2 protein chains.
Amino acid sequence: MTKPIAIQGIKGSFHHEVVQHYFNDSAAVEECMSFDGVIESLLEGSSDEIVMAIENSIAGSIIPNYALIDNNNLNIVGEYYLDIQHHLMALPGQSIADISEVHSHPMALLQCKMFLKDLPHIKLVEARDTAEVAKQIAEKNVKHIAAIASKKAAELYKLSVLAESIQTIKHNETRFVIVKRETENNDFTRMDKASLKFVLDHKRGSLATILNVLSDCKLNLTKIQSLPIMDTPWKYAFFVDVTFKDYKDYSKAKSLMEIMAENFKVLGEYKNARL
Amino acid sequence: MTKPIAIQGIKGSFHHEVVQHYFNDSAAVEECMSFDGVIESLLEGSSDEIVMAIENSIAGSIIPNYALIDNNNLNIVGEYYLDIQHHLMALPGQSIADISEVHSHPMALLQCKMFLKDLPHIKLVEARDTAEVAKQIAEKNVKHIAAIASKKAAELYKLSVLAESIQTIKHNETRFVIVKRETENNDFTRMDKASLKFVLDHKRGSLATILNVLSDCKLNLTKIQSLPIMDTPWKYAFFVDVTFKDYKDYSKAKSLMEIMAENFKVLGEYKNARL
């Protein structure tokens with residue numbers, strides 16, 4: 001029997017939605033209450049695969065999740081982009097005028113800031129998971145509190161949607177990665193994207209030199225992020241994502257980077273979900 | 001009379017500490033309960049200057065704060081690095097065994113994750129501001145709840161420190177920026193750092209070309225961050241910080257980048273606080 005896929009949040013959460021799209025609608029999930037919990041599930045072997053948000057349009061990279069993958073030497077084996085639509089929902093029969101508090105995940109509250117600004121009588125309360133609030137409202141029959149969550153959560157917990165797509169940015173994509181303990185069986189031909197990490201000295205032109213190599217090897221950069229290394233002044237870690245047409249080009253770049261950069265590390269090689 | 005400096009949080013918060021270091025110990029502050037509130041204070045003119053956290057060692061860049069500066073066309077006029085030490089504090093007479101809940105800002109809770117993991121009987125509750133929790137505990141004489149906040153907060157609100165420097169990374173720096181509506185009087189000679197934003201096509205080598213220009217003009221890169229542009233596939237915005245010895249070199253790079261990149265924008269020119 002296959003093991004469940006560990007996610008942060010419960011059924012009806014956006015992580016659950018990604019599992020349904022990437023695997024299939026009936027894929028079993030293990031509901032964890034934190035990203036640390038998700039990683040623990042993978043390390044202890046109660047799951048063999050996890051789904052984790054890694055960047056979104058408002059907050060950028062979720063650096064703590066990068067750190068979890070990096071520090072535990074895990075492997076990114078796939079990615080998925082979900083267009084996140086937030087809906088305001090409450091018990092059937094409640095209207096917006098009845099609502100005095102909205103509970104949701106801090107990121108959801110942030111993404112719906114403009115909508116909520118127009119409702120100053122509503123108090124905002126941070127919660128661990130978008131879907132969990134919806135579930136609580138339904139199970140405990142809670143009036144006057146609304147959730148911000150997905151349409152799936154509204155369906156699953158039988159809440160009525162008071163306002164649709166209330167997020168400020170209408171096309172609101174979050175990138176999720178699928179992570180395993182080990183690399184997948186290496187079918188290089190289907191891979192056209194990689195997540196890399198390397199360290200450089202704070203020396204003029206050091207990053208430009210590396211990027212020239214990537215460009216010479218026909219690699220495209222889809223993401224770059226520098227992070228100062230704690231307790232090591234003037235050293236920076238870089239997280240980059242590259243796409244490529246031919247694995248051989250990428251392979252050549254990899255050999256060069258191993259020589260040119262310190263602590264060069266492949267966080268994952270996988271299929272680009274953006275094609 | 002000079003106007004107060006707007007900060008997120010209250011007296012005793014880390015933002016307040018930065019104001020005391022950057023300006024002086026007795027500089028008046030306007031206590032705001034959100035970064036949006038801080039920006040509003042500046043835009044409405046109740047303050048002429050604000051202090052805002054912009055990146056830290058765990059979460060990386062605080063992209064929403066970058067967006068606030070960028071979207072409101074504000075100017076970074078200075079920076080300050082604060083080594084953030086978190087302390088666990090409660091009413092005098094309380095010991096760790098008496099504590100059942102710790103309330104603090106989500107970032108503080110995240111930064112003290114390892115310490116808190118060893119105290120599984122303590123429930124973690126997210127709050128808006130580190131110092132505000134300390135103040136509430138003191139004013140309302142709240143037992144069994146501890147705050148995670150600065151030494152200043154413990155002194156100010158007369159709490160006892162139960163555990164010192166409980167953050168996971170011992171040298172835990174956060175970078176703050178000082179922001180105004182307009183640029184400062186332009187004393188170019190004292191400026192040696194700039195924060196820039198530009199847009200590039202997702203074309204092989206486009207970023208390498210720009211970084212080559214920066215390097216040729218003797219500019220050092222201290223930070224780089226890409227962000228996909230919403231609703232414009234294959235275009236990326238880049239936020240970079242550069243340092244330089246001679247303003248003329250920087251000025252030349254600026255002229256070149258205006259030609260080579262789209263939407264080139266200077267978010268601020270100021271004195272590097274890291275020298």
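Outside its neighbours within four places in sequence, B:T130 is in contact with seven listed partners, B:S13, B:F14, B:S104, B:H105, B:A108, B:I148 and B:A149. The model is predicted. B:T130 lies in helix α6 of chain B, which spans residues 130-139. Its relative accessible area is 7%. B:T130 therefore counts as buried, the cut-off being under 20%.

Helix α6 of chain A was examined as well. Its buried residues are A:T130, A:A131, A:E132, A:V133, A:A134 and A:I137. These buried residues pack against elements of chain A, both helices and strands. The helices are α1 (14-22), α4 (106-111) and α7 (151-156). The strands are β6, β7 (101-104) and β9 (145-149). After α6(A) comes A:N141. The phi of A:N141 is positive, near 55°.

Confidence was assessed for chain A. The mean pLDDT of chain A is 92. A value of 70 or more is reached by 97% of its residues. Confidence in chain A is lowest in strand β4 (residues 60-61), with a mean of 82. It is highest in strand β6 (residues 87-90) of chain A, at 98. Strand β6 is also one of the elements against which the buried residues of α6(A) pack.

An unreviewed UniProt entry annotates residues 4-181 of chain A as "domain: Prephenate dehydratase". Over residues 4-181, chain A is 31% helix and 31% strand. The end C-alpha atoms of this stretch are 15 Å apart.

The two chains were then compared. A turn of 180° and a shift of 0.0 Å along the axis lay chain B on chain A, with an RMSD of 0.0 Å. This is the relation of a two-fold axis. In chain B, the C-alpha nearest the axis belongs to B:Q225, at 2.3 Å from it. The same surface serves both copies. Of the contact residues of chain B, 100% recur in chain A.

The interface was described by contacts, area and salt bridges. In chain B, 42 residues are in contact with 42 residues of chain A. The area buried between chain B and chain A is about 3400 Å². Carbon and sulfur atoms give 56% of that area. Across the interface, 2 salt bridges are found. A salt bridge joins B:D36 to A:K113. The closest N and O atoms of B:D36 and A:K113 are 2.9 Å apart.

Methods
Residues numbered from 1 in each chain as written. Chains lettered and ligands numbered in written order. Predicted model: local features only at pLDDT ≥ 70, side-chain atom pairs only at ≥ 80, totals over all residues. Heavy atoms only, no water. Helix = DSSP H or I, 4+ residues; strand = E, 2+ residues; numbered from the N terminus. Buried < 20%, exposed > 50% of the residue type's maximum accessible area, 1.4 Å probe, protein only. Contact = heavy atoms within 4.5 Å. Least-squares fit on C-alpha atoms with pLDDT ≥ 70 in both. UniProt positions renumbered as here; feature names shortened; annotations may be inferred. pLDDT = per-residue confidence, 0-100. Buried area = accessible area lost by both parts, 1.4 Å probe. Salt bridge = Lys/Arg side-chain N within 4 Å of Asp/Glu carboxyl O.
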